[in-house]
Amino acid sequence: MNEWRTVILGPALSRKELFTAIELHRVNASQDNDLKVTFTVNGEVMGSRLNKLSSGESATIEVKVEDADEFPSTYLIELFYDRGPKGQKASVVATQLIDDNASAKFTHKPFAGKGYYFARVTSKSGTNKNFKAWTAPVWFE
């Protein structure tokens, strides 16, 4: 009925592995049925819960986008950050425009070493122009 998908990042296509990946929050939502988005913070994949960072330490964030049937394409990557409970709602802290099969890389210092990050990817060209994908967050606790 539509192109929208929930994508699960797991090591194998088995019932057990899919449910484990869902429990670990390794999912993203996409309006493009074959868009592949890889989201990592300090090398850990989306859904990860990490120890809070030391004061002044930066997080290293990478968002990789692949879409075999949309060549050539450009994507707007928006990085969101939220301090966590009782803070303001998540807001965009950085943006980057990339070509398909490329990565956006960011560094950001989370407030008091805590909070969470997630990304929104928007296709800016091709037949799926303005289609979006959202990653699960990575938390610093």
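**View 1. Strands β2 and β11 pair in the antiparallel sense.** Strand β2 covers residues 27-30 and joins β11 over 3 bridges. This is a predicted model. Within the pair, Ala29 stands opposite Trp134 of β11. Strand β11 itself spans residues 132-135, and its side chains alternate. Ala133 and Thr135 point to one face and are buried. Lys132 and Trp134 point to the other face and are not buried.

**View 2. Strand β11 also pairs with β10.** The two strands run antiparallel, and 3 bridges join them. Val121 stands opposite Ala133 in β11. Ala133 is one of the buried residues of that strand. Thr122 has Lys132 of β11 as its bridge partner. Lys132 points to the face of β11 whose side chains are not buried.

**View 3. Strand β10 is largely enclosed by the rest of the structure.** Why is β10 described as largely enclosed? The reason is that 7 of its 9 residues are buried. Strand β10 covers residues 115-123. Strand β7 is one of its partners: 8 bridges join the two, which run antiparallel. In this pairing, Tyr81 has Tyr117 of β10 as its bridge partner. Strand β12 pairs with β10 as well, in the antiparallel sense, over 3 bridges. Here Tyr117 stands opposite Val138 of β12. Tyr117 thus appears in both pairings, with Tyr81 and with Val138.

**View 4. The largest nonpolar core holds 25 residues.** Which of them touch the most other members? They are Phe39, Ile61, Val63, Ile77 and Tyr117. Several strands give two or more residues to this core: β3, β6 (59-66), β7, β9, β10 and β12 (138-140). Ile77 repays a closer look. Residues up to four places away in sequence are not counted here. Ile77 then touches Val63 and Val65, along with Ala94, Thr95, Gln96 and Ile98. It also touches Ala104, Phe106, Arg120 and Val121. Val63, among these contacts, is itself one of the residues that touch the most other core members.

**View 5. Four strands form an open sheet.** Their order is β4-β3-β6-β9, and the pairing is antiparallel. Which strands lie at the edges? They are β4 (44-45) and β9 (102-108), and each pairs on one side only. Strand β3 covers residues 36-41 and pairs with β4 over 2 bridges. One bridge places Val41 with its partner Glu44 in β4.

**View 6. Asp82 is buried yet has no salt bridge.** Asp82 lies in strand β7, which runs over residues 74-82. How far away is the nearest side chain of opposite charge? That side chain belongs to Arg83, and it is 7.3 Å away. A salt bridge would need a side-chain nitrogen within 4 Å of a carboxyl oxygen. The side chain of Asp82 instead reaches the backbone nitrogen of Ala90, at 3.2 Å. Leaving aside neighbours within four places in sequence, Asp82 is in contact with Gln88, Lys89 and Ala90. Gly115 and Tyr116 complete its contacts.

**View 7. Asp100 is a buried loop residue without a salt bridge.** The loop in question lies between β8 and β9. For Asp100, the nearest side chain of opposite charge is Lys64, 10 Å away. Setting aside neighbours within four places in sequence, Asp100 is in contact with Val65, Glu70 and Phe71. Pro72, Ser73 and Tyr75 are in contact with Asp100 too.

**View 8. Asn101 and Ala112 have positive phi values without being glycine.** Asn101 lies in the loop between β8 (91-99) and β9. Its phi is near 55 degrees. Is Asn101 buried or exposed? At 42% relative accessibility, Asn101 counts as partly exposed. Ala112 sits in another stretch, the loop between β9 and β10. The phi of Ala112 is about 55 degrees. Ala112 is also partly exposed, with a relative accessible area of 48%.

Definitions and conventions:
Residues are numbered from 1 along each chain as its sequence is written. This is a predicted model: local features need pLDDT of at least 70, side-chain atom pairs count only at pLDDT 80 or more; totals for chains, interfaces and linings use all residues. Side-chain values use heavy atoms; hydrogens and water are left out. Buried means under 20% relative accessible area, exposed over 50%, partly exposed in between (1.4 Å probe, protein chains only). Lys and Arg count as positive and Asp and Glu as negative; His and the chain ends are not counted. A polar contact is a pair of N or O atoms within 3.5 Å; within protein, one must be able to donate a hydrogen and the other to accept it, and residues adjacent in sequence count only if both atoms are side-chain atoms. Contact means heavy atoms within 4.5 Å. Two strands pair if DSSP finds at least two bridges between them. A nonpolar core is a set of buried Ala, Val, Leu, Ile, Met, Phe, Trp, Tyr and Cys residues joined through side-chain atoms within 4.5 Å.
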